[in-house]
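Reader: I have a new model open on my screen and would like to learn how to read it. Could you walk me through it, one feature at a time?

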Amino acid sequence: MTHAFDRQYWDQIWRGDRAQAMAASQANPHLVREVGDPPPGTALEAGCGAGAEAIWLATRGWQVTAVDIAAAALAHAAGRATAAGVNGKVRWVEADLSTWQPPGRYDLVTTHYAHPAMPQLDFYDRIASWVAPGGTLLIVGRLHHRDQNSMAGHDHDHDHGHGHDHGGTEPPASASVTAADITGRLDPAGWEIVTAQERHRSLPGPGGHTVAVHDVVVRAHRRH
């Protein structure tokens, strides 16, 4: 199935039957592992969904700008931030990440499964340009299986990509990548690759079953 990943698509997702579960999600474990406890600064969460990652960063002292195209997602996020006592540390922005321009650059730019209305790798190029010198880029995406084309004709629809797990289903090939796809776009003269891994984990699924999740995790340090 082909998706436009535009405002209409994400508004429909957030009005659907998966919205409640997505709104209760916890911070992505790859963010927790990769960011750890460095001195906090300014952070941008690109495709924040219901805000789990933005709130996690804010509770650790980061000043966060959190951007998402879906107004309903941001409403959930603001409510969760208020409950966590950090709403003053997060600026929520409703915007299309394929066209939005930030007011400056950030010490940390991160995204978790966000799929805007533009080619996936072009999106990663775009957010990489928002990292300040000496800052960090952290991308968590869905792994593209090279044999995925053999699945043609099957509907591999997926859950909301903005900071949330996909319930074990695969994203379309156009929205999935490999670690090498991402690192190949980062000029070694300007970037130090710290992490470039394809990780596999299991999550609880419907009916008490576990589902396999295949992630791409890339963390890079901007030299200048």
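Author: Gladly! Let's begin with contacts: two residues are in contact when they have heavy atoms within 4.5 Å of each other. Keep in mind that this is a predicted model.

Reader: With that in hand, what percentage of the contacts between residues at least 6 apart in sequence join residues at least 24 apart?

Author: In this protein chain, the figure is 73%. Burial is another overall number to read: of the 224 residues, 51% are buried, where buried means under 20% relative accessible area.

Reader: How many helices and strands does the protein chain have, and in what order do they run?

Author: The protein chain has seven helices and seven strands. Starting at the N terminus, the order is α-α-α-β-α-β-α-β-β-α-β-α-β-β.

Reader: How should I read the sheet?

Author: The general idea is that strands of a sheet pair through backbone hydrogen bonds, in either a parallel or an antiparallel way. Here, seven strands form an open sheet with mixed pairing, in the order E3-E2-E1-E4-E5-E7-E6. Strand E3 (90–94) and strand E6 (191–204) are the edge strands, each pairing on one side only. From one strand to the next, the twist averages 15°.

Reader: Which pairs are parallel and which are antiparallel?

Author: Let me take three of the pairings. E1 and E2 are parallel, with five bridges, and one residue pair to find there is Glu-45 with its bridge partner Ala-66 in E2. E4 and E5 are also paired in the parallel sense, over six bridges; look for Tyr-106 opposite Val-131 in E5. Strand E5 (residues 131–142) and strand E7 (residues 210–222) are antiparallel, with seven bridges, and Leu-137 has Ala-220 in E7 as its bridge partner.

Reader: Is a strand such as E5 enclosed or exposed?

Author: Count its buried residues. In E5, nine of the 12 residues are buried, so the strand is largely enclosed by the rest of the structure. E2 reads in a similar way: five of its six residues are buried, so E2 too is largely enclosed.

Reader: Where do the helices sit relative to the sheet?

Author: Two of them are good to follow. Helix H5 (residues 71–84) lies across strand E2 (63–68) and E3, and runs at about 170° to E3. Helix H6 (residues 120–128) packs on the sheet, where it touches strand E1 (42–46), strand E4 (106–112), E5, E6 and E7. The direction of H6 makes about 155° with that of E5.

Reader: Can we zoom in on one residue of H5?

Author: Try Ala-81, which lies in that helix. Ala-81 has a relative accessible area of 0%, under the 20% cut-off, so it counts as buried. Beyond its neighbours within four places in sequence, Ala-81 is in contact with Ile-55, Val-86, Asn-87 and Trp-92. Ala-81 and Ala-50 are 31 residues apart in sequence, yet their C-alpha atoms are 9.5 Å apart in space.

Reader: What about helix H4, and what do its buried residues pack against?

Author: Seven of the eight residues of helix H4 (residues 52–59) are buried, so this helix is largely enclosed by the rest of the structure. The buried set is Ala-52, Glu-53, Ala-54, Ile-55, Trp-56, Leu-57 and Ala-58. They pack against helix H3 (29–35), E1, E2, H5, E3 and E4.

Reader: How do I read a phi angle?

Author: Most residues other than glycine have a negative phi. Tyr-113 is a residue other than glycine with a positive phi, near 65°. You will find Tyr-113 in the loop between E4 and H6, and at 0% relative accessibility it is buried. Gly-61, which follows H4, also has a positive phi, near 100°.

Reader: Finally, how many cavities of 30 Å³ or more are there?

Author: There are three. Let's look at the second largest cavity, with a volume of about 50 Å³. Its lining is made of Leu-121, Tyr-124, Asp-125, Ala-128, Leu-137, Ile-139, Ile-182, Arg-185 and Leu-186.

Reader: Which element supplies the largest share of that lining, and what is the chemistry?

Author: H6 supplies the largest share, four residues, and H6 and E5 each give at least two. By type, the lining has seven nonpolar residues, no polar ones and two charged ones.

Methods. Residues numbered from 1 in each chain as written. Predicted model: local features only at pLDDT ≥ 70, side-chain atom pairs only at ≥ 80, totals over all residues. Heavy atoms only, no water. Pairing = 2+ DSSP bridges. Axes fitted to C-alpha atoms, helices over the stretch in contact; angles between N-to-C directions. 1 Å grid on protein atoms, 1.4 Å probe; cavity = no way out; pocket = protein on both sides within 12 Å on 5 of 7 lines; lining within 4 Å. Points joined across faces, edges and corners; volume = space filled by probe spheres on them. Nonpolar A, V, L, I, M, F, W, Y, C, P; charged D, E, K, R; others polar. Buried < 20%, exposed > 50% of the residue type's maximum accessible area, 1.4 Å probe, protein only.
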